[in-house]
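Here are my notes on this structure, set out as numbered points. Please read them with the model open beside you, and look up each element as it is mentioned.

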Amino acid sequence: MDPAHWNAVKDGLADALHLPPDERPAFLASLPLSLRSDVAALLAAEDGTGVLERPPAAGGVSDLLDQVDLDAGPLEGSRVGPYRLHERIGQGGMGDVYRARRDDGLFDREVALKVVRAGARTDAVLGRFAAERQILGRLRHPGIARLLDAGVEDERPWIAMDYVAGEPITEVAKALSIRDRVRLVIGVAEAVHTAHQSLVVHRDLKPSNVLVTRTPSGDLRPVLLDFGIAKILDPTTDLDLTSADGRRPMTLSYAAPEQVRGEPPTTATDVYGLGLLLYEVLNGTRPFPDTGDRHALETSILHDAPPAPSSARPGLSRDLDTICLTALRKVPTERYASAEALAADLQRFLSDEPIAARAPSRAYRARKFIARHRAGVLATAAVVVLGIALTAIYAASLARERDRARTEAETAAQVTDLLMEMFDRDPFAAEADRLDSMTVRTFLVQRGASAVDSLAPRPELQARLATLLSHLLGQLGEYDRAFDL
């Protein structure tokens with residue numbers, strides 16, 4: 001700002017400060033257009049801290065201008081081009097946005113109409129507005145509000161865009177699961193990637209610029225708005241919205257480190273913005289809250305490591321922490337290479353696949369494989385367990401059969417031994433007790449009963465011998481004795 005202009009601004013501000021607040025709008029309207037916006041901006045920012053001691057730094061007045069409504073009043077009810085304006089739905093540095101409807105009878109259409117404020121028609125603002133019109137004209141994606149119409153009304157340019165009846169993404173996300181929140185951010189990243197393919201950097205990604213609406217099928221769709229401070233990367237064009245007034249257009253709370261440093265924005269700037277958006281959508285907070293101290297906020301953006309999103313939302317996946325923090329790295333080249341790469345990693349998270357931003361390990365890949373194929377892994381595990389169980393049962397059955405056969409053989413051998421003992425000849429026994437003089441009946445009755453009694457301590461063997469002798473006695477007609485045995 002040259003000294004002569006600065007002196008005129010100081011004089012105008014001094015006069016305004018001596019007026020009651022309700023008389024200041026009329027005074028501002030009486031000033032030349034070249035002074036009006038700067039005086040209004042300084043008047044709005046005046047706080048008794050010596051603002052008049054020196055001219056503002058480059059871009060300072062323009063930064064303040066973004067916060068001031070220079071019109072005497074809103075335009076509800078008036079007509080701009082073929083559209084009738086209804087309520088004001090947004091405000092920005094260049095102008096206001098109204099919900100409007102086609103009013104010329106040709107057809108019915110509801111739009112969001114952005115018009116430059118009467119008091120903000122500086123060369124810089126008009127240049128930015130023209131650049132936004134050209135940027136919107138080259139973008140085609142269902143997740144980006146379309147440019148529908150444009151024109152000039154009373155030397156005030158306007159553009160008509162899709163009217164998006166939705167809520168900011170962070171408000172909608174509060175009622176959604178983590179996976180559905182991630183799906184919303186993927187949709188935003190895909191829209192940003194489309195803009196990048198058209199050589200457009202949005203550089204103002206924040207919740208108020210991403211509204212979520214419902215498709216005819218009932219699905220949620222995020223829609224990207226407001227390319228008012230976007231930049232075209234095409235070297236053949238001069239559409240750099242910082243060149244007209246030397247300022248650094250940005251929303252500081254959502255600015256990347258390179259924006260704070262005043263460096264040229266790149267697609268990596270939007271990757272950082274997507275990281276901030278993902279962070280806030282996941283846990284409702286920002287990594288660097290704005291406490292009102294601009295210097296402290298800039299220092300945090302430039303130097304402080306952001307806390308992991310899970311620090312504010314325990315239980316959040318470590319993969320989501322990694323994806324967020326990768327997008328939020330201070331050095332642009334260390335972030336995701338593109339918005340598409342960020343969206344791809346978020347999709348890998350949803351598909352339970354290993355993410356690209358995390359160093360692979362066997363254990364990590366195994367966990368992801370199991371999560372991805374949970375049903376198949378469980379079925380396979382069940383088959384293996386069943387096979388092991390059946391093998392164990394079969395082995396136990398064989399062991400029991402083997403033991404049973406061994407027991408049968410041992411019992412048979414013992415019965416044989418007992419029978420042999422019964423038939424042993426005692427050469428010194430009396431004639432009546434000698435084996436060679438006994439009848440079979442006497443032999444079985446006398447010696448069989450004695451042998452059975454001697455086996456009382458061994459009941460299984462006793463039962464086997466008793467059964468055998470009972471059968472033999474029954475054959476000899478000794479039914480009573482056979483029954484007793």
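1. In this predicted model, strand E6 is a good place to begin: seven of its seven residues are buried, so E6 is largely enclosed by the rest of the structure. Strand E6 covers residues 156–162, and helix H5 (residues 123–137) lies across it as well as across strands E4 (110–116) and E5, running at about 30° to E6.

2. On one hand E6 pairs with E5, in the antiparallel sense and over six bridges, and within this pairing Ala150 stands opposite Ile159 in E6. The hairpin formed by E5 and E6 has two residues between the strands, and Asp154 in this hairpin takes a positive phi near 55°. On the other hand E6 pairs with E4, again in the antiparallel sense, over five bridges; here Val111 has Asp162 of E6 as its bridge partner.

3. What is the order of the strands in the open sheet? Six strands take part, in the order E1-E2-E3-E4-E6-E5, and their pairing is antiparallel. The edge strands are E1 (79–80) and E5 (147–153), each of which pairs on one side only. As general background, the strands of a sheet pair through backbone hydrogen bonds, and the pairing may be parallel or antiparallel.

4. Strand E3 also deserves attention, since seven of its eight residues are buried and the strand is described as mostly covered. E3 (residues 95–102) pairs with strand E2 (residues 83–91) in the antiparallel sense over six bridges. Two positions can be followed in the model: Gly90 stands opposite Val97 in E3, and Arg88 stands opposite Tyr98 in E3. E3 also pairs with E4, in the antiparallel sense and over seven bridges, and there Arg101 stands opposite Glu110 in E4.

5. Turning to the helices, H9 (residues 267–283) and H12 (residues 339–350) pack at an angle of about 30°, with their axes 9 Å apart. The contact is made by Val271, Leu274 and Leu278 of H9 together with Ala339, Leu342 and Leu346 of H12. The crossing of these helices, H9 and H12, is right-handed.

6. Which residues of helix H10 (residues 294–303) are buried? They are Leu297, Glu298, Ser300 and Ile301, and, seen down the axis of H10, the buried residues fall within an arc of 160°, so they line one face of the helix. The face of H10 turned away from this buried side carries the exposed residues His295 and His303. What covers the buried residues of H10 includes helix H8 (257–260) and H9.

7. Helix H16 (residues 459–475) allows a simple check of geometry: at 1.5 Å a residue, its 17 residues should span 24 Å, and its end C-alpha atoms are 24 Å apart, which agrees. The buried residues of H16 are Leu461, Leu465, Ala466, Leu469, Ser470 and Leu473. Seen down the axis of H16, these buried residues fall within an arc of 165°, so they line one face of the helix. The face turned away from the buried side carries the exposed residues Glu460, Thr467 and Gln475. H16 is followed by Gly477, whose phi is positive, near 85°.

8. Is Asp204 buried or exposed? Its relative accessible area is 7%, and a residue counts as buried when this value is under 20%, so Asp204 is buried. Asp204 has its place in the loop between strand E8 (200–201) and strand E9 (210–214). If residues up to four places away in sequence are not counted, Asp204 touches Asn209, Ile229 and Thr251.

9. Finally, some totals put these details in context. The protein has 17 helices and eleven strands, and buried residues make up 41% of its 485 residues. Among the contacts between residues at least 6 apart in sequence, 59% join residues at least 24 apart.

Technical notes. Residues numbered from 1 in each chain as written. Predicted model: local features only at pLDDT ≥ 70, side-chain atom pairs only at ≥ 80, totals over all residues. Heavy atoms only, no water. Helix = DSSP H or I, 4+ residues; strand = E, 2+ residues; numbered from the N terminus. Expected span 1.5 Å × (residues − 1). Buried < 20%, exposed > 50% of the residue type's maximum accessible area, 1.4 Å probe, protein only. Arc of directions from axis to C-beta. Pairing = 2+ DSSP bridges. Contact = heavy atoms within 4.5 Å. Axes fitted to C-alpha atoms, helices over the stretch in contact; angles between N-to-C directions. Left-handed = near helix turned anticlockwise from the far one by under 90°.
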